[in-house]
Amino acid sequence: MGGTASKSNQSRIVFPTSPAPVVVRNANSKETTTSNLRKVVEERCPTLLRGFVPAWWINNGHLQTLYCVVGDFTKSDQVYYNRTFLRLIDGGTIGLDFTPTDASSLKDETPIVVSYVRGILSKACAPIETGGLGYRGVVVNFRGCAGTPMTAQQLYSAGWTEDFRQALMYISHRYPNAPLHGLGFSLGANVIVRYLGEEKEQSRLSSACALACPWDLTENNTAMENTFLGKYVYSKGMANNLLRLLRRHKDSLGKKPDHFVTEAMYNAFSLKSPTLEQFDNTFTCKAGGGSPIFPFKSSADYYLWGSSHYLLPDVRVPLLTLNAEDDPVVQKIPTAVDNPSVVMAVTRGGGHLGWFEASKEGWFDVKRWVTKPVVEWLRMVENDLAAEKRVRKEIFVGVDGFIREKGSDDLGCKVVDGEVLIEGATKDEDLIQGL
């Protein structure tokens, strides 16, 4: 890529050689000016440029990452949601959590942050008068996760974008005049980057932010498992989480005894303290998506297909990516990719999903630094940049009641079971949080 801004604790910002031109709106008038993506980021995202300084007692990547596991975020990340269950055309179910729960004061065209992460939404969706952006938020829950039922013999994976695509279809149908902005952490970030690259100019997202994206799944998995903590703490911890998830949904995933997913599930149960690659080689490569792409022969084939770095050149909307140099899970970052629409930031610290800095509230209290640059980015792309007109696929409701997209016969979704109130910061005691 092009220019790099870096000094001491400042983030390393890698800008494209020829940043995409953008139209900037004047907040006090209807006038517009022409600029480029680099200039507006430098002017409107100061926290990103200043960089991240970790709290003194969690001052390396391992401690930052492990604090994600042991920290109590039930108060800082407390957001309530109305959950809508979507039945997909293949029989699977995903959950969409909408916030605020009382949206009576929001206009239908209110911007929406479509996210795979909850914590930042508390700021992005807070009322403007309390310092928030006043946006609507929607959390997309993977199949079988966070109380979403498993209704088909298919799980999720880092590469499978069809469920996210159908979630966007539903949101666009429900709020046709609302701009959508994507936000993803880790695996969810990989899904969003892949979606943007696959859709190119037809993306339903007007912009996105990808945090701790794993990019090249092969390289980063190899790098992680080549270290002691990487292999025996992070890799095995993630695999253990997935095994617990399988056991939770054993009856649904194994409802057809002769199905290859049932066989893969029981093969996974027979593994003794597997690494993530061993689990993926046994189960994810078989059941992490639908046909005709899945099943794969091996995790190697799945990693090659499911990576997002090779789709980065195809992204056509403003995308901010943020990784940490000391992330023990994601060690290889594709900063050499030069795309006019992509800005890549790398902080000196932060670990994986961490970025905890000292809070003024108490000696050992911390807060997530990453919230502020993300909110600045969201404010910039929505409030300051004039939306680019794009032609997207037409959405319609079929005779079967499924919401569909023209030209995508294998996609469709419809609401089932009504809405349920969800407290988003509730901890799942069966799973290790943060991994």
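**Contacts, cores and unusual backbone in a predicted model**

Leaving aside neighbours within four places in sequence, A146 is in contact with R83, R118 and N141. The model discussed here is predicted, and A146 makes a handy way in. A146 sits in the loop that runs between β8 (136–141) and α5 (162–174). With a relative accessibility of 41%, A146 counts as partly exposed. Looking further along the chain, K393 lies 247 residues away from A146 in sequence, and the C-alpha atoms of the two are separated by 30 Å.

Stepping back to the whole chain, the secondary structure adds up to 13 helices and 17 strands. The radius of gyration is 21 Å, close to the 22 Å that the globule rule gives for 435 residues, so the chain is as compact as a globular protein of that length. Along the principal axes, the C-alpha atoms fill a box of roughly 65 × 55 × 40 Å. Of the contacts between residues at least 6 apart in sequence, 70% join residues at least 24 apart.

Then there is the split between inside and outside. Of the 435 residues, 56% count as buried. The chain exposes about 18800 Å², and carbon and sulfur atoms supply 51% of that area. As for charge, there are 48 positive and 48 negative charges, and their mean positions are 1 Å apart.

In soluble globular proteins, nonpolar side chains tend to be buried together. Here, the largest nonpolar core has 73 residues, and L96, F164 and F283 are the ones with the most contacts inside it. Helix α8 (residues 228–248) provides the largest share of this core, with seven residues. A second, separate core of 49 residues includes V41, F52, L322 and L378. Back in the largest core, F164 is worth a closer look. Residues up to four places away in sequence aside, F164 touches V114, Y116, V140, V191, I192, Y195 and L205.

Helix α11 (residues 276–287) is where T282 is found. T282 has a relative accessible area of 16%, which is under the 20% cut-off, so this threonine counts as buried. Not counting residues up to four places away in sequence, the residues that T282 touches are A264, N267, A268 and L271.

The backbone has a few oddities too. Most residues other than glycine have a negative phi, and most peptide bonds are trans. Two prolines go against the second of these habits. The bond joining T99 and P100 is cis, with omega at about 0°, and P100 is placed in the loop between β6 (93–99) and β7 (112–115). The peptide bond from S291 to P292 is cis as well, with omega near 5°. P292 belongs to the loop between α11 and α12 (299–306).

Positive phi values turn up at W215 and S273. W215 is not a glycine, yet its phi is about 50°. This tryptophan is in the loop between β10 (205–211) and α7 (217–225), and W215 is buried, with a relative accessible area of 0%. S273, also not a glycine, has a positive phi of about 45°. S273 is placed in the loop between α10 (260–269) and α11. At 48% relative accessibility, S273 counts as partly exposed, whereas W215 is buried.

Terms used: Residues numbered from 1 in each chain as written. Predicted model: local features only at pLDDT ≥ 70, side-chain atom pairs only at ≥ 80, totals over all residues. Heavy atoms only, no water. Helix = DSSP H or I, 4+ residues; strand = E, 2+ residues; numbered from the N terminus. Rg over C-alpha atoms; globule rule 2.2 N^0.38 Å. Buried < 20%, exposed > 50% of the residue type's maximum accessible area, 1.4 Å probe, protein only. Contact = heavy atoms within 4.5 Å. Areas by Shrake-Rupley, 256 points an atom, 1.4 Å probe, with all protein chains shown as cover. Lys, Arg positive; Asp, Glu negative; His and termini not counted. Charge placed at Lys NZ, Arg CZ, Asp CG, Glu CD. Core = buried A, V, L, I, M, F, W, Y, C linked by side-chain atoms within 4.5 Å.
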